[in-house]
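Visitor: I would like to go through this structure with you. Please start once it is on display.
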Amino acid sequence: MHRLRTTVVRLRPITAPQTAKSQSQARLAAVGGALRTFQPMRSYTASVSAEPFLNGTSSNYVEEMYYAWLENPRSVHKSWDIFFRNANAGAPPGAAYQSPPPLGGVALGLANAQAMVGVQPNVEKLVEDHLAVQSLVRAYQVRGHHIAKLDPLDISVVDFDEAPVMVGLKKVGEKRAPTCLASLPYFICLAGFPPFYGLDESDLDKVFRLPTTTFIGGSESTLPLREIIQRLEMAYCQSIGVEFMFINDLEQCQWIRQKFERPGIMQFTLEEKRTLLARMVRSTRFEEFLQRKWSSEKRFGLEGCESLIPALKTIIDKSSMNGVESIIMGMPHRGRLNVLANVIRKELDQIFCQFDSKLEAADEGSGDVKYHLGMWHRRINRVTDRNITLSLMANPSHLEAVDPVVQGKTKAEQFYCGDTEGNRVMSILLHGDAAFAGQGVVYETFHLSDLPSYTTHGTIHVVVNNQIGFTTDPRVARSSSYPTDVAKVVNAPIFHVNADDPEAVMYVCNVAAEWRATFHKDVVVDLVCYRRNGHNEMDEPMFTQPLMYKQIKKQKGVLQKYAEKLIAEGAVTRQEYEEEIAKYDKICEEAHARSKDEKILHIKHWLDSPWPGFFNMDGQPKSMTCPSTGLTEEELGHIGHIASSVPVEDFTIHGGLSRILKGRAAMVGQRVCDWALGEYMAFGSLLKEGTHIRLSGQDVERGTFSHRHHVLHDQNVDKRICIPMNHIAPNQAPYTVCNSSLSEYGVLGFELGFAMASPNALVLWEAQFGDFHNTAQCIIDQFICPGQAKWVRQNGIVLLLPHGMEGMGPEHSSARPERFLQMCNEDPDAYPVSEFAVRQLYDCNWIIVNCSTPANYFHVLRRQILQPFRKPLIVFTPKSLLRHPDAKSSFDDMLLGTHFQRLIPDSGPVCEKPDGVKRIVFCTGKVYYELTRERKNRGMDNTVAIARIEQLSPFPFDQVKVETDRYPNADLVWCQEEHKNQGYYDYVKPRLRTTVDRTRPVWYAGRGPAAAPATGNKAAHLVELQRFLDTAFNLDAFTGQS
Ligand SMILES: Cc1ncc(C[n+]2csc(CCOP(=O)(O)OP(=O)(O)O)c2C)c(N)n1
Ligand SMILES: [Mg+2]
C-alpha cells in the first residue's frame, strides 16, 4: 500500500513548474525540453487510487508506464495513453479506462479517446497483463536460478521453500520432474500461480512494453510475450543462475541485469574459444598425468571441476586488464597442485619432486604435505602483456582458516603500495561447498570486507561446488539452499554456473572481475560440478553415494564435451585438438624427467611471502645480535610530551581524559612511565624510526581498560578524531590503530596475514581479555605456533593477552599461558649449549613473555623489530597493574644501553647476605607485587628472595642458574596465582630442575588444580590468594616432603 500511495502521489497533477521541483526531477530531466504541461486535475488522487486495477502490486508498473508516457506518449500502449489523458482530463474513478485498441490496429486520436470517457472499459485485462509481464520479468530475475540447469549431473532436486535442501534424491536417469504444465514455460512455476496473473498461451504473441528494469529487449522497448519468455529463459535459466535481487543498491542490480540480459552476451571470438580449450586441456591432462605416474598418491585432484583453471585464469586476465598487479590467493586442497601448475605456473618438475618420498629436505623445519604449500611468482600475463604477481598462501588442513590471512596480506600489500581503492592488489578465495557453508570463519571474513581498516575492496570467491563434502550430502551438511548463502550478508552477488559449460564459466568469471573492478565489493562464483573420484584418489565413494557415482561414471568429461562442441562448430579441427594434448603431455613428460635429477627438496622454493632484503643471500639473518632497545632522554621526553598533549588546535577532549593526560605529563616530569606510557614510548620511537605499527582488536583505540587512549574524540564535533601517535615526527611511519569487529578468529587471522607481508612493521592483535583468544585457536595452533616449521615463513605478529587472577570470574582471568607454553619447541630437560639471548630466540618457535614492568614491556616491543629475524611474540598483559602505583618504571631503565630483562633478579636486602636467604621464590607477572607486599608485611625481606622470570620462552636457563647459584642455601619455590594444572608450573618445573641439575627440589605455591580457570566468587578468590601466599612464605611448608 505504501508503494501505491507513493505512486499515486507521483501521479498527482504535474505542471511544468511543479515538475522542476518534484522528486522525479532526475527522471523527468532526462526528457529535457520534451516535458508536457498538464492541467491541474480535480480529485486525481482519490480517483486514481480508487481505480480497481491499481492494487498494491500494480503501482510499480503504473509508475513505469506513467514515466514512459511522460517521456513519449507513443512509447506506451495506446490504452495507457488514453488512460493518462482521461485521468488528466478529470475522468472519475473507473471512467479513465478505455477498451484497448487492437494490437497493430489503427491508433485512436485524442478526440476519439476523450469521447470514450465514461464508456465502461476493457482495458483492465490489458493493464493486468502488463502487470503480469512485469511480475514475470521480476520472477525470472529473482528466481530464475531455481530452474537454471546448474547441475552437470542433473540429479539435484533442490526444494527452495523447504530446508534442508534435498540434493541427489531424484532417481538417476529420471528427467526433471514435470512440475510445469507441459505446454507452458517455467514462469508459471516461478510465480506459483497457474495461470500466471491471467496470462496464458493465447497471450504469447501479444506485444508488451518492457519495464526499464530489464535489458532483454536490447534496443527494443516492446516484445511479444513469447520472445520475452524466451529471452528471460536464455538469461536466467540456462547454465548460469544469478542471485542478486537481494542487493539493496539499484545501480548494482541494474548493472547485473544488463550483464546477463542483453541479447547476444554469450558470444565468444574464435581466439577466446581456442584459448579456453587449451586451458581445459592443461587442466585435464595435468590430473591425468599425475594419475598415470602416481596412481596411489593422494593429490586431491580436480577431476569433475576442470573448468576451475580457465575460471581463475579468466579472472586474472580480466583483473590484469583492469590494472591489478598483484593477486593473493587462498584455497583448500582440491585442485591445488593444478592451480600451482597451471595458474601460478610453478615449475612442473618442482611439483613432481614432491611426489618423491625419498628426497631429503634441505631446509630446517618439519615441512608440510604437498597440497598445503604456498607459492609466489611474478610473471608476464600473456593476455594483457603486463606484469602480474601471483601468490598462493600456504595453508593448513583446517578448511577456510586461510581466508582472513589472505585478506590481511592483501590489505598490507595495498597499504604498502598506497593502493587505497584496491585497484592494484586484490585477493581471490577458493572454497569447497561444504566448508563454505559450514565454517564460521567464512562469515567472520565476510564481515571484515567493508570495514575501513580491514577492507580489501572486494574479494572474488570461487566455490568448487562438487555437491559433496567428503562423504556427506548437502542435505545434511547445511540448512541453506545453496552453499553460498552466507555471502548474502554483505550483499555480494552470487553467480551459480554449471561447470560443464566452460563458456558460461568464462562469462561469469569475466563479469565477477568486472564487478569487483567497478564496485570494489565481494562477489561469488559458484562452480557447480561433481567429484569424479572419492574424497581423495584412494577413497571409495560408492560406499556412501552409490547413485550419484553411478551417474558420475557415465558422465563424459568436460574437456571431451567442449572439444566436440568446438570441433562441430568448426572452431578447431580434431587434429589441432589432439596436437594441443600431445604438446602438453610432452611438457609434463619432460618436466618429470627433469624432476628425477633433483636430489633434495627445498621448502624454501614454496615460500608465499618472500621478504626481499631482510635476509642474506642464503636466507639467513644478517646478524645474530640485537642492539640496545633503549632511547635517549630527549626521545623519551618528546614522545612523553606527545602522549600527554593534544597536538591539534581547537580540539576539545573529555574532562576525564584531560586529567589522564595531565597525569601522563606529570609522570614525564618525574621521568617515570606507567604501562600505557611505556607502550607509547615503544610505539612512538619505532614509528619515528620508520616502522609502521598496526594495532587491531576489540576496543583497542581506547583500550579495554581505558588506559591507552590512542584516539582522541572531539567532544563537540561528530567523528572528529586525533591520533597523537601520528604527530611524533615529520617523516615517521604511519600508525594504524583500529577497533575490530567482534571476532577473534577472523581478526587474528587477518593481522597474521598483515604481518606476513613485510618484516618492517610491528603488527599487534590485542584480545579484549586473554580468555577470548581461544575462539581464534586455529590461527594460533595452525599458523602462529608452527608456521615457520611448516612453511619456512617467519612472522613477527604480537599477541597482547590481558591476563591475571583478579576475582573477575572464570572468563576474565586467564589467557591460558599453559597452552602457549605447552606448544614451545624447547627441550625442558636439556640445558642449552648455544649462546643465550639472541640464538635462543632464533631457535624457538615463539617468544612468550609476562612483563612486570612498563620498561620491560617497552623493551620487548622494540626488540621485536630490532632483532634480525621475526618470531611471533605472545605477551600476557596486565589489568590491575595498569594503574598499580608500584608498576612504574624510571626513564633510567629505558635509556640507551638498556635491554629487555629476561629475568629480573631481586635487588633488595637479600643481595647483601645471599647465604642467609632461606628461600628463593620464582614467579612471573603480577603475582610479584602480591609476593613483595606479603614479604614486607611478614618482615621477611632478608630471608626470601623473589626473582621474576619475564621471558618464559625461550627459558632463561642461564639467568635462572645465576639466581640459584647466588642463594645456595635457599629452597626453590615456583609461585603462581593460577591453578596448579594451569599457568606456568608444568612448564617451569622441569626447566628449573634442569638448571640445578636436579640437585634441588622445586616446590609449588599456588592454587590447587581446578577445572575452571578462576572462581566466580570474590571472597573465595581472596581466600585462595592468601592461602598460597601463606605457603610461599611458610619456610616449613615443604619440610618433610620429597
Ligand atoms: C575445519 C575442518 N574440518 C574438517 C576437515 C576434514 N575435511 C577435509 S576435506 C572435508 C570435506 C570438505 O568438503 P568441501 O568443502 O565440499 O570440499 P571438497 O573436498 O568437496 O572439495 C572435510 C570435512 C577439515 N579439513 N577442516
Ligand atoms: Mg565439496
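**Strands and a metal site**

Guide: The model is predicted. Met375 stands opposite Leu392 in strand β7.

Visitor: Which residue stands opposite Ile327 in β7?
Guide: Strand β4, residues 326-330, runs parallel to β7, and four bridges join them. The residue of β7 opposite Ile327 is Leu390.

Visitor: How many bridges pair β6 with β7?
Guide: The two strands form a hairpin with four residues between them. In the turn, Asp385 has a positive phi of about 60°. Strand β6 covers residues 375-381 and pairs with β7 in the antiparallel sense; the number of bridges is seven.

Visitor: Why is β7 described as largely enclosed by the rest of the structure?
Guide: Strand β7 covers residues 386-392. Buried means under 20% relative accessible area. The strand is largely enclosed because the number of its seven residues that are buried is five.

Visitor: Which protein donors does the magnesium ion, ligand 2, have?
Guide: Along the chain the donors follow the spacing D-x32-N-x1-I. Lying 2.0 Å from the ion, they are Asp433 (OD), Asn466 (OD1) and Ile468 (O).

Visitor: How many residues apart in sequence are the parts that Asp433 and Asn466 tie together?
Guide: Asp433 lies in helix α17 (residues 433-438). Asn466 is in the loop between β9 (459-465) and α19 (474-477). The pair therefore ties together parts whose separation in residues is 33.

Visitor: Is Asn466 buried or exposed?
Guide: The cut-off for buried is under 20% relative accessible area. Asp433 has 3% and is buried. Asn466 has a relative accessibility of 5%, so the term for Asn466 is buried.

Technical notes:
Residues are numbered from 1 along each chain as its sequence is written. Chains are lettered from A and ligands numbered from 1 in the order in which they are written. This is a predicted model: local features need pLDDT of at least 70, side-chain atom pairs count only at pLDDT 80 or more; totals for chains, interfaces and linings use all residues. Side-chain values use heavy atoms; hydrogens and water are left out. Donors are N, O and S atoms within 2.8 Å of the metal (3.2 Å for Na, K and Ca); water is not among the atoms, so sites may look incomplete. Buried means under 20% relative accessible area, exposed over 50%, partly exposed in between (1.4 Å probe, protein chains only). Two strands pair if DSSP finds at least two bridges between them.
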